[in-house]
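Work through the exercises below with the model open beside you. Try each task before you read its solution.

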Amino acid sequence: MSTTTLITNIGSLVTNDPAAGDGPLGLIEGAALVLDGDTVAWTGRSADAPTADEVHDAGGRAVIPGFVDSHSHLVFAGDRTAEFNARMSGRAYSAGGIRTTVAATRAATDDELEANLTRYLDEALRQGTTTFETKSGYGLTTRDEERALRIAARHTDEVTYLGAHVVSPDFADDPAAYVALVTGEMLDACAPHARWVDVFCEKGAFDGDQARAVLTAGMAKGLTPRVHANQLTYGPGVQLAVELDAASADHCTHLTDADVDALASGNTVATLLPGAEFSTRAQWPDARRLIDAGVTVALSTDCNPGSSFTSSVPFCIALAVRDMGMTPDEALWSATAGGAAALRRTDIGRLAPGARADLAVLDAPSHVHLAYRPGVPLVSAVWRRGAQLV
Ligand SMILES: [Zn+2]
């Protein structure tokens with residue numbers, strides 16, 4: 001029999017369960033939460049809470065679902081401080097910088113890659129992230145892509161094959177041969193370790209036809225597509241994602257009206273990654289336009305050493321509210337339930353009976369403080385699968 005835990009005296013509880021409380025967040029003031037083992041068993045008002053084996057007093061703090069970071073690149077080695085420093089001194093970002101990390105990642109041992117990965121996972125956990133997706137894409141050989149996914153799969157179920165991050169420098173004169181590798185031998189080696197297939201559909205990376213070849217080959221091996229789309233320029237990525245019923249089109253910074261219409265009419269989530277625009281001093285994606293069109297929006301970090309070296313979802317929430325037209329409620333929803341939608345998950349991103357007991361306690365009375373108090377480490381406790389880890 002599992003242990004039940006009552007968390008009581010919660011100032012405000014975000015459930016993302018509209019049946020349980022106010023608005024889309026299912027907000028409950030003066031709330032309590034009962035966990036049964038690794039699962040949420042009950043939510044409601046403190047005064048109505050049932051008894052439990054253990055009791056925790058939240059002291060009026062806010063409780064939110066753990067963040068679902070549905071887009072990161074954490075299997076890498078090396079550092080790109082110099083590139084960031086140069087870019088902030090006026091040089092434009094281009095997709096080619098990835099090759100610096102490729103060289104360092106190939107030279108690293110498995111243990112070094114895993115130690116780097118777990119370091120950033122711990123960092124993210126302390127900031128409230130209880131589920132994360134991560135990708136390969138810094139190996140670009142069959143051996144190095146396969147080992148990146150094998151290492152990532154020890155730490156998460158949400159593993160994405162991104163052999164098509166950029167054309168490997170070994171194939172600079174023959175991109176078609178690299179696409180053949182990514183859709184052939186490399187895919188065969190990688191598919192057993194991955195749930196998702198992804199491609200960087202962008203000028204300087206892969207065009208629409210190449211992206212389609214990569215995604216459909218992955219789908220034929222049982223992987224579900226997600227796409228790096230329309231980050232640096234307008235292009236075919238978003239509409240390709242919707243056409244192939246990708247779980248997510250990620251970045252969505254440069255969108256035509258037809259792109260927005262496609263997202264609104266399909267099942268593909270638009271995942272916005274403001275850490276990338278912040279770190280490359282680029283134009284913000286327009287979250288307001290997408291939400292007003294009825295598109296489901298997720299918010300994630302894109303944590304990677306080149307273009308967005310932050311593991312902080314609260315930082316991304318603050319940017320989204322300040323600069324992308326999201327309300328604090330929308331940003332919180334997108335970083336939790338939205339991330340879950342981008343991973344086609346219903347067991348996470350919400351605190352409703354039957355959902356996984358993944359939550360963060362904020363040293364603040366309301367989730368609004370995540371945007372109201374930017375840069376302040378407000379996450380004071382994190383529970384994952386019913387166990388307090390932070
Ligand atoms: Zn990315």
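Helices (H or I, at least four residues) and strands (E, at least two) are DSSP runs, numbered from the N terminus. The model is predicted: local features need pLDDT of at least 70, side-chain atom pairs count only at pLDDT 80 or more, and totals for chains, interfaces and linings use all residues. Residues are numbered from 1 along each chain as its sequence is written.

**Exercise 1. Place a loop residue**

Task: Find where Ala-77 is, and decide whether Ala-77 is buried, partly exposed or exposed.

Solution. Start with the location. Ala-77 is in the loop between β6 (67–69) and α1 (81–87). Next, recall the rule. A residue is buried if 20 or more other C-beta atoms lie within 10 Å of its own, exposed if 12 or fewer, and partly exposed in between; C-beta atoms are placed from the backbone. Ala-77 has 19 C-beta neighbours inside 10 Å, so Ala-77 counts as partly exposed. Now list the contacts. Two residues are in contact if their C-beta atoms, placed from the backbone, lie within 7 Å. Setting aside residues up to four places away in sequence, Ala-77 touches Ala-104, Thr-105, Ala-107, Ala-108, Glu-112, Leu-113 and Asn-116.

**Exercise 2. Two positive phi angles**

Task: For Asn-16 and Arg-281, say which is buried and which is exposed.

Solution. Take Asn-16 first. Asn-16 sits in the loop between β1 (4–13) and β2. Asn-16 is not a glycine, yet its phi is positive, about 55°. Around Asn-16 there are 23 other C-beta atoms within 10 Å, so Asn-16 is buried. Turn to Arg-281. Arg-281 belongs to the loop between α10 (274–280) and α11 (287–292). Its phi is also positive, near 50°. Arg-281 has 11 other C-beta atoms within 10 Å, so Arg-281 is exposed.

**Exercise 3. Trace strand pairing**

Task: Which strands does β17 pair with, and how do they run?

Solution. Begin with the rule. Two strands pair if DSSP finds at least two bridges between them. Strand β16 (residues 359–362) and strand β17 (residues 379–384) are joined by four bridges and run antiparallel. Here Val-361 stands opposite Ala-381. Then go to strand β18 (residues 387–388). β17 and β18 share two bridges, and they too run antiparallel. Trp-383 has Gln-388 as its bridge partner. Finally, look at the turn. β17 and β18 form a hairpin with two residues between them, and Arg-385 in the turn has a positive phi of about 50°.

**Exercise 4. Check a helix length**

Task: Does the end-to-end distance of α4 agree or disagree with its residue count?

Solution. The expected span of a helix is 1.5 Å times one less than its number of residues. Helix α4 (residues 142–153) has 12 residues, so the expected span is 16 Å. The end C-alpha atoms are 17 Å apart, which agrees. Now see what surrounds α4. Its buried residues include Leu-149, Ile-151 and Ala-152. The buried residues of α4 pack against α2 (98–107), α3 (110–126), β8 (134–135), β9 (159–164) and α6 (185–190).

**Exercise 5. Domains and the core**

Task: Describe how domain 1 meets domain 2, and say where the largest nonpolar core lies.

Solution. Set the bounds first; they come from an automatic or database domain assignment. Domain 1 covers 4–66 + 350–388, and domain 2 covers 68–342. Their centres, taken over C-alpha atoms, are 30 Å apart. In the contact region, 20 residues of domain 1 meet 18 residues of domain 2. On the domain 1 side, β5 (62–65), α14 (369–372) and β17 each give two or more residues. The largest share, three residues, comes from β17.

Move to the core. A nonpolar core is a set of buried Ala, Val, Leu, Ile, Met, Phe, Trp, Tyr and Cys residues joined through C-beta atoms within 7 Å. The largest one has 128 residues, and those with the most contacts inside it are Leu-33, Val-63, Val-214, Ile-317 and Ala-320. Helix α13 (residues 328–342) gives the most to this core, eight residues. Both domain 1 and domain 2 give residues to this core, so it lies between them.

Last, inspect one core residue. Leaving aside neighbours within four places in sequence, Leu-33 is in contact with Ile-7, Ile-10, Leu-13, Val-40, Thr-43, Val-63 and Leu-351.
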